[in-house]
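I set out to record how the strands and helices of this chain are arranged. The entries below follow the order in which I looked things up.

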Amino acid sequence: MSQLTLYGARGWGSAITEVMLTLAGEEYDFVDVVGFDKPGSARETLQALNPQAQVPTLVLPDGSVMSESAAIALWLLDRHPHLAPRTFTPERARFQRLMIWLVATVYPTFTYADYPERWVPGDGATFVENILQSRREMWLWLEQETETAWLAGEEMTLVDCWLVVMVTWRPGRNWFEVNTPTLATIAANVRTRPELRNILELNGLASS
């Protein structure tokens, strides 16, 4: 195996990893497993590598398997340390804090709201609305906390790759533009990066 192989679904969480890999200049093969969240061949293909059937699932050149976008980001930083602020700086601490906050606090709300039947009986409408409101409050907090050109300082880092994808999910890009203009601007600036244009288009994330 000569390079990386990413199993994912365009526009899903694996899009974050695609943006990170592309920003780092890493070549990879993409295996589309759209439909992995339901019984079928795509799920079986993914489970053969990752029994939890998650995207992203990344197969490394030595054949070992990685999952979890934050873990993949840390692996990339070992190879491309310039994609995070310098160590032992306030910016690095903020980078680490926000990366874990995004994956541990914000990201799970999408699983809860997208699959309410897994968590509550009935139609789950109230549960979903409570989750969506909580998520909006999380983004408003981040807006208040962000006073720099990018999420972790004055240079783009891997943590901005989460934002450019997640602003397209509920509550949606229009909500961000109205309620969190700083975050919307950062995401828009990511979309202007020429090296990311193609991968953003493939994932339906480019500017309209």
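These entries cover a sheet, the helices on it, two single residues and a further helix pair.

**Entry 1. The sheet**

I note at the outset that this is a predicted model. I began with the strands and found an open sheet of four strands in the order β2-β1-β3-β4, with mixed pairing. I then asked which strands stand at the edges. They are β2 and β4 (65-67); each has a single partner strand, so one side of each is left without a neighbour in the sheet. Ignoring direction, I recorded an average turn of 25° between neighbouring strands of this sheet.

**Entry 2. From β1 to β2**

I looked up the pairing of strand β1 (residues 4-8) with strand β2 (residues 28-32): the two run parallel and are joined by five bridges. Within this pair, leucine 6 stands opposite phenylalanine 30 in β2. I followed the chain from β1 through α1 to β2 and noted that this β-α-β crossover is right-handed.

**Entry 3. Helices against the sheet**

I checked which strands α1 touches as it packs on the sheet, and listed β1, β2 and β3 (57-59). The direction of α1 makes about 155° with that of β1. For α3, I noted that the helix lies across β1, β3 and β4 and runs at about 120° to β4.

**Entry 4. α1 with α3**

I next took the two helices together. Helix α1 (residues 14-24) and helix α3 (residues 69-79) pack with their axes 10 Å apart, at an angle of about 5°. I therefore entered α1 as roughly parallel to α3, since angles under 35 degrees count as such. On the α1 side I listed Thr17, Met20, Leu21 and Ala24, which meet Ser69, Ile72, Ala73 and Leu76 in α3. Sorted by class, the residues of this contact are six nonpolar, two polar and no charged.

**Entry 5. Threonine 17**

I singled out threonine 17, which lies in helix α1. Is threonine 17 buried or exposed? I recorded a relative accessible area of 0%, so threonine 17 is buried; the cut-off for buried is under 20%. Leaving aside residues up to four places away in sequence, I found threonine 17 touching Leu6, Pro56, Ser69 and Ile72. Of these, Ser69 and Ile72 belong to the α3 side of the helix contact, and leucine 6 is the residue opposite phenylalanine 30.

**Entry 6. Glutamate 44**

I then looked up glutamate 44, found in helix α2 (residues 41-47). Glutamate 44 counts as exposed because its relative accessibility is 55%, and the cut-off for exposed is over 50%. I also noted valine 33, 11 residues apart from glutamate 44 along the chain, with 9.4 Å between the two C-alpha atoms.

**Entry 7. α5 with α8**

Last, I turned to helix α5 (residues 125-145) and helix α8 (residues 181-191), whose axes are 8 Å apart and which pack at an angle of about 85°. This angle makes α5 roughly perpendicular to α8. I listed Trp139, Leu142 and Glu143 in α5 as meeting Pro181, Thr182 and Leu183 in α8. By class, I entered four nonpolar, one polar and one charged residues for this contact.

Technical notes: Residues are numbered from 1 along each chain as its sequence is written. This is a predicted model: local features need pLDDT of at least 70, side-chain atom pairs count only at pLDDT 80 or more; totals for chains, interfaces and linings use all residues. Side-chain values use heavy atoms; hydrogens and water are left out. Axes are lines fitted to C-alpha atoms, for helices over the stretch in contact, and angles run from 0 to 180 degrees between N-to-C directions. Angles under 35 degrees count as roughly parallel, over 145 as roughly antiparallel, 65 to 115 as roughly perpendicular and the rest as oblique. Contact means heavy atoms within 4.5 Å. Ala, Val, Leu, Ile, Met, Phe, Trp, Tyr, Cys and Pro count as nonpolar, Asp, Glu, Lys and Arg as charged, and the others, Gly among them, as polar. Buried means under 20% relative accessible area, exposed over 50%, partly exposed in between (1.4 Å probe, protein chains only). Two strands pair if DSSP finds at least two bridges between them. A crossover is right-handed if, with the strands pointing away from the viewer, the path from the first strand over the helix to the second runs clockwise.
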